[in-house]
Amino acid sequence: MENSLRKFVAIVNEICREEEIIVESFSYDWIFKLSKNGKYNYIYGYQFDLNAGAVQSICCDKSAASEVMTSFEIPNVEHFFFMSPTNQKYIGKDGNWNALLRKLDKYGRLVCKPNEGSGGNQVFQVGNQYELENAVYTIFQTSRSMAVCPYYEITNEYRSIVLGGEVKVIYSKQRPFIVGDGKRKVKSLIAEYLTEAEMAADKIEWAAEDMEKVLDKGEHLVLNWKHNLGRGSKAALVEDESIRSGIVSIVNMVIEKMNIKFASVDIAQCRDGYRVLEINSGVMMDHFLQQSEDTYRITKEIYREAILRMFD
């Protein structure tokens, strides 16, 4: 898709027209210069001119953000940093491999991902040395560094958008699933689901050994262990105050200790409670805003406030 066709580009231009802000775009609509009354501000990708530079860099670095949160005793999914062998001088003579194997031995199952990646791309769940080797090799083909974390059984994953010290919206990421009828095999149900949802097969991940199973009537099978909206999950606004209060409590710790002005904070609900999974200083809501008129309105007002705050 051309960058000019992104919903984000359209919504920024729409807000600026309504607020009488002049917009100039550069680098195929990846950079915006906004001007009003002789004052200038910038949007780079999804990064708004609100967070301090150091804060923004820490948020983009999964392992760095995890270390900082741990220092403040903020519950988080621990991310450990590994550098590509092409940068051997920063690693030292011992390299990565022994340390990676110790992590695998300690936790039994790991998740490997680019340290500065997004969208669930090149994220691998590994449980043995072969899977670990494949994940590491693939990630280091395109990334200079990798983050490795223990695998957690995540009951639910939530995204909260924070702006100006407040949680503006919280939504859960509901993964795609099929329901058994007691007759058809999993592969048949998946094929039907993909057709009805108009979804590409590479958006979901399932175990090959499950394909020939026949699910009991009413039995659910989740089709993806990842929760990303770009991989088939659907956003559902969280209205339940008992859930919201638990999430807001931990997000407020992140806002205060990390000095964040505008970001999305992903929260994983694990067996031992809520943990921060990631912090994203680039606030991307493309999939969320397209779900309904309601989500479009919410997204537009959040971006509007962010733009106006840049001119405060």
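Phe177 sits in strand S11, which covers residues 177–179. This is a predicted model, and the tour here takes in a surface patch, a buried strand and the cysteines. Strand S8, at residues 145–150, is largely enclosed by the rest of the structure, because 6 of its 6 residues are buried.

**The surface patch**
- Phe177, Val179 and Val222 together make a nonpolar patch on the surface, about 230 Å² in area.
- Phe177 is partly exposed, with a relative accessible area of 39%.

**Strand S8, covered on both sides**
- In a regular strand, side chains alternate between the two faces of the sheet.
- In S8, one side carries Ser145, Ala147 and Cys149, and the other carries Met146, Val148 and Pro150.
- Those residues are all buried, so both faces of S8 are covered.

**Who pairs with S8**
- Strand S5 (residues 80–83) runs antiparallel to S8, and the two pair over 4 bridges.
- Within S8, Met146 has Phe82 standing opposite.
- Strand S6 (residues 110–114) is also antiparallel to S8, joined to S8 by 5 bridges.
- Lys113 has Ala147 as its bridge partner in S8.

**Cysteines**
- Looking for disulfides? A search of the whole structure turns up 0.
- For Cys270, the closest cysteine sulfur is in Cys149, and at 10 Å that is too far for a bond, since a disulfide needs the two sulfur atoms within 2.5 Å.
- Cys270 is buried, with a relative accessible area of 7%.
- Cys16 is buried too, at a relative accessible area of 1%.

Conventions: Residues numbered from 1 in each chain as written. Predicted model: local features only at pLDDT ≥ 70, side-chain atom pairs only at ≥ 80, totals over all residues. Heavy atoms only, no water. Patch = residues over 30% accessible without salt bridge, like charges linked within 9 Å, V, L, I, M, F, W, Y side chains within 5 Å. Areas by Shrake-Rupley, 256 points an atom, 1.4 Å probe, with all protein chains shown as cover. Salt bridge = Lys/Arg side-chain N within 4 Å of Asp/Glu carboxyl O. Buried < 20%, exposed > 50% of the residue type's maximum accessible area, 1.4 Å probe, protein only. Pairing = 2+ DSSP bridges.
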